[in-house]
Amino acid sequence: MSYLPRGTVYGTLLNFRAEWDALRTQMDAPPYKAPPRAPVLYVKPANTWSVHGATIPVRAHVPQVEVGATIAVVVGAAGQVAGHVLMNDLSLPHASFFRPPVKFKCLDGFLGIGAQVIPGGDATGFTLEVRINGELKQTVNFAQLVRPAPQLLADVNEFMTLHEGDVLMLGCDHGRPLARAGDRIDISAPGLGTLTHTLVQEAT
């Protein structure tokens, strides 16, 4: 049986040190003129959700998509961590990550969701491997988070309430690999299993 969230799914930007460092000089430029003080979030609505093993359509005019391998925290009672789940936060490549455009990140099927929630655990101990057509393309070390999961949850709850069943992604590392229609994507981590999707060209 496949897992689907019961609440809202939030993505987090700028939560890996390498991504923060790569964009640091741009943070002082207009319109912001300073690094963000609070977590930068966005929503992946239900139209984006794809269960483990599903095919994900890519429009014919889109040559490549970014693979956003990540781990998400599933919120439990009293805002505590109920567990973790693998996710593939797909996006069309775009230049800015400060204000993520909906048209790049919220296309139909553009959030792969792991088959099951693994109770408990500490995400800082996880390392993901991303393979495209069987070839290792990226390794994501969650010890490199700017805000580890407990701090991220606390900081988000300073300005909004996360409810039981909501899902909060911990972020995607710098250097996201690119994939195209016809590619199989496997995201795996010890203890969390493997999340698999295949990109297909959208029927016209």
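Me: Leaving aside its neighbours within four places in sequence, which residues is H84 in contact with?
Reply: Keep in mind that we're looking at a predicted model here. Find H84 in strand 7, which covers residues 81-89. Once the neighbours within four places in sequence are left aside, H84 is in contact with I71, A72, V73, Q116, V117, I118, G120, G121, D122, A123, F126 and L192.

Me: Is H84 buried or exposed?
Reply: To count as buried, a residue has to come in under 20% relative accessible area. H84 has a relative accessibility of 2%, so this residue counts as buried.

Me: How far apart are the C-alpha atoms of H84 and G121?
Reply: G121 is one of the residues H84 is in contact with. Along the chain, the two are 37 residues apart. In space, their C-alpha atoms are separated by 7.5 Å.

Me: And what separates the C-alpha atoms of L178 and H84?
Reply: L178 sits in strand 13, residues 178-179. Along the chain, L178 and H84 are 94 residues apart. From C-alpha to C-alpha, the separation is 25 Å.

Me: Is L178 buried, exposed or partly exposed?
Reply: Not counting residues up to four places away in sequence, L178 touches Q64, V65, E66, P93 and I132. The cut-offs are under 20% for buried and over 50% for exposed, with partly exposed in between. With a relative accessible area of 39%, L178 is partly exposed.

Me: Which residues touch the most other members of the largest nonpolar core?
Reply: This core has 38 residues. Several elements supply at least two residues each, including strand 4 (55-58), strand 6 (69-75), helix 3 (149-156) and strand 15 (193-201). Strand 10 (127-132) and strand 14 (184-189) are also among the elements that do this. The members that touch the most others are L128, L170 and I187.

Me: How many residues are in the other core?
Reply: Apart from the largest core lies another one. Among its members are Y3, V74, I113 and M169. Its residue count is 10.

Me: Which two residues form the aromatic pair?
Reply: A search of the whole structure turns up 1 aromatic pair. Its rings are 5.3 Å apart centre to centre, with 70 degrees between the planes. An angle over 60 degrees counts as edge-to-face, and that's how this pair is described. The partners, both buried, are F16 and F142.

Me: How far apart in sequence are the parts that this pair ties together?
Reply: F16 lies in the loop between strand 1 (9-13) and helix 1 (17-27). F142 is in the loop between strand 11 (135-141) and helix 3. L170 is in contact with both F16 and F142. With the rings in those two loops, the pair ties together parts whose distance in sequence is 126 residues.

Me: What is the phi of L14, roughly?
Reply: Most residues other than glycine have a negative phi. L14, found in the loop between strand 1 and helix 1, isn't a glycine, yet its phi is positive. This residue is buried, with a relative accessible area of 2%. Its phi is about 55 degrees.

Me: Where is N133, another residue with a positive phi?
Reply: Phi of N133 is near 55 degrees, and this residue isn't a glycine either. At 48% relative accessibility, N133 counts as partly exposed. Its place is in the loop between strand 10 and strand 11.

Me: How far is P39 from L14 in space, C-alpha to C-alpha?
Reply: P39 lies in the loop between helix 1 and strand 2 (40-43), and counts as buried at 10% relative accessibility. P39 and L14 are 25 residues apart in sequence. In space, the C-alpha distance is 8.0 Å.

Me: How much space lies in the second largest cavity?
Reply: There are 2 cavities of 30 Å³ or more. P39 and L14 both help line the second largest, along with L13, W20, P36, A38, V40 and R147. By class, that lining has 7 nonpolar, no polar and 1 charged residues. The space inside is about 30 Å³.

Me: And how much space is in the largest cavity?
Reply: Its lining includes L13, Y42, E66, D89 and R176. The lining residues divide into 4 nonpolar, 2 polar and 4 charged. The space in this cavity is about 40 Å³.

Terms used
Residues are numbered from 1 along each chain as its sequence is written. This is a predicted model: local features need pLDDT of at least 70, side-chain atom pairs count only at pLDDT 80 or more; totals for chains, interfaces and linings use all residues. Side-chain values use heavy atoms; hydrogens and water are left out. A nonpolar core is a set of buried Ala, Val, Leu, Ile, Met, Phe, Trp, Tyr and Cys residues joined through side-chain atoms within 4.5 Å. Buried means under 20% relative accessible area, exposed over 50%, partly exposed in between (1.4 Å probe, protein chains only). Helices (H or I, at least four residues) and strands (E, at least two) are DSSP runs, numbered from the N terminus. Contact means heavy atoms within 4.5 Å. On a 1 Å grid over the protein atoms alone, a cavity is a set of points where a 1.4 Å probe fits but cannot get out, and a pocket is an open set with protein on both sides within 12 Å along at least five of seven lines; lining residues have an atom within 4 Å of a point. Grid points are joined across faces, edges and corners, and a volume is the space filled by probe spheres set on the points. Ala, Val, Leu, Ile, Met, Phe, Trp, Tyr, Cys and Pro count as nonpolar, Asp, Glu, Lys and Arg as charged, and the others, Gly among them, as polar. Rings of Phe, Tyr and Trp (its six-membered ring) pair if their centres lie within 6.5 Å; planes under 30 degrees apart count as stacked, over 60 as edge-to-face and the rest as tilted.
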